[in-house]
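Colleague: I would like to learn how to read a model of this kind one feature at a time. Could you take me through it slowly, giving the general idea wherever there is one and then the case at hand?

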Amino acid sequence: MADVYNMNIDQGSDYNLNLVYKNISGVAINLTNYTVRAYLKRCIKQTVADFEMTTENGRIILSDPTNGMLTIKLTNEETASLGGSYYY
């Protein structure tokens, strides 16, 4: 289910965002054995992302995959390179 979430990240600080992935009925989706990806782009029509967050690069953690729980984790070094507005 698509949704909009405005992330406000302080540049140069650690950032953690806990999310639960649910279906349209509000039931958590089991993410076991899934790869999760999110991209930050300055323009929504960009074909190449400015910043990539995935379970593969450790920026997304499946904290409780059976219950659809995940965490986006960015270090202060990573957020230091971000500035302005992005789409994800």
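Colleague: Let us begin with T32: which residues does T32 touch, not counting residues up to four places away in sequence?

Modeller: In this predicted model, T32 touches P65 and T66 once residues up to four places away in sequence are set aside. T32 belongs to the loop between strand 1 and strand 2, and its side chain makes a polar contact of 2.6 Å with the side chain of N30. From C-alpha to C-alpha, T32 and G68 are 8.4 Å apart in space, although 36 residues apart in sequence.

Colleague: Is T32 buried or exposed, or does it fall in between?

Modeller: T32 counts as partly exposed, because its relative accessibility is 33% and that class covers the range between the 20% and 50% cut-offs. N33 is also placed in the loop between strand 1 and strand 2, and N33 counts as exposed because its relative accessibility is 79%. The backbone of N33 deserves a look as well, since N33 has a positive phi of about 70° although it is not a glycine.

Colleague: Where does G68 take its positive phi?

Modeller: G68 takes a positive phi near 70° in the hairpin of strand 4 and strand 5, a hairpin with four residues between the strands.

Colleague: How should I read the pairing of strands, and what is the order of the strands in the open sheet?

Modeller: The general idea is that strands of a sheet pair through backbone hydrogen bonds, either parallel or antiparallel. Here the open sheet has three strands in the order 1-5-4, and the pairing is antiparallel. Strand 1 (15–20) and strand 4 are the edge strands, each pairing on one side only, and the twist from one strand to the next averages 25°. Strand 4 and strand 5 (residues 69–74) run antiparallel and are joined by three bridges, with I60 standing opposite I72 in strand 5.

Colleague: What does I61 in strand 4 touch, leaving aside its neighbours within four places in sequence?

Modeller: With those neighbours left aside, I61 is in contact with M69, L70, T71 and K73. I61 is partly exposed, because its relative accessible area is 34%. The C-alpha atoms of I61 and T35 are separated by 9.9 Å, the two residues being 26 residues apart along the chain.

Colleague: And T71, is it buried or exposed?

Modeller: T71 lies in strand 5 and counts as buried, because its relative accessibility is 8%, under the 20% cut-off. The side chain of T71 makes a polar contact of 2.7 Å with the side chain of N18. Leaving aside its neighbours within four places in sequence, T71 is in contact with N16, L17, N18, R59, I60, I61 and S63.

Colleague: How do I read a nonpolar core, and which residues of the largest one touch the most other members?

Modeller: In soluble globular proteins, nonpolar side chains tend to be buried together. The largest nonpolar core of this model has 14 residues, of which F51, M53, I60, I72 and L74 touch the most other members. Strand 1, strand 2, strand 3 (51–54) and strand 5 each supply at least two residues of this core, and the largest share, three residues, comes from strand 5. M53 touches V36, R37, A38, Y39, L40, R59, I60, I72 and L74, again not counting residues up to four places away in sequence.

Colleague: R59 is on that list; where is R59 found?

Modeller: R59 is found in the loop between strand 3 and strand 4. A polar atom of its side chain lies 2.8 Å from the backbone oxygen of E52, and a polar contact of 2.7 Å joins the side chains of R59 and E78. Not counting residues up to four places away in sequence, R59 touches F51, E52, M53, T54, T71, I72, K73, L74 and E78.

Colleague: Which element has the lowest mean pLDDT, and which the highest?

Modeller: Where pLDDT is low, the predicted coordinates should not be read in detail. The protein chain averages a pLDDT of 87, and 91% of the residues score at least 70. Among the elements, strand 2 (residues 37–40) has the lowest mean pLDDT, 86, and strand 4 (residues 60–64) has the highest, 97.

Terms used
Residues are numbered from 1 along each chain as its sequence is written. This is a predicted model: local features need pLDDT of at least 70, side-chain atom pairs count only at pLDDT 80 or more; totals for chains, interfaces and linings use all residues. Side-chain values use heavy atoms; hydrogens and water are left out. pLDDT is the predictor's confidence in each residue, from 0 to 100. Two strands pair if DSSP finds at least two bridges between them. Axes are lines fitted to C-alpha atoms, for helices over the stretch in contact, and angles run from 0 to 180 degrees between N-to-C directions. A nonpolar core is a set of buried Ala, Val, Leu, Ile, Met, Phe, Trp, Tyr and Cys residues joined through side-chain atoms within 4.5 Å. Buried means under 20% relative accessible area, exposed over 50%, partly exposed in between (1.4 Å probe, protein chains only). Contact means heavy atoms within 4.5 Å. A polar contact is a pair of N or O atoms within 3.5 Å; within protein, one must be able to donate a hydrogen and the other to accept it, and residues adjacent in sequence count only if both atoms are side-chain atoms.
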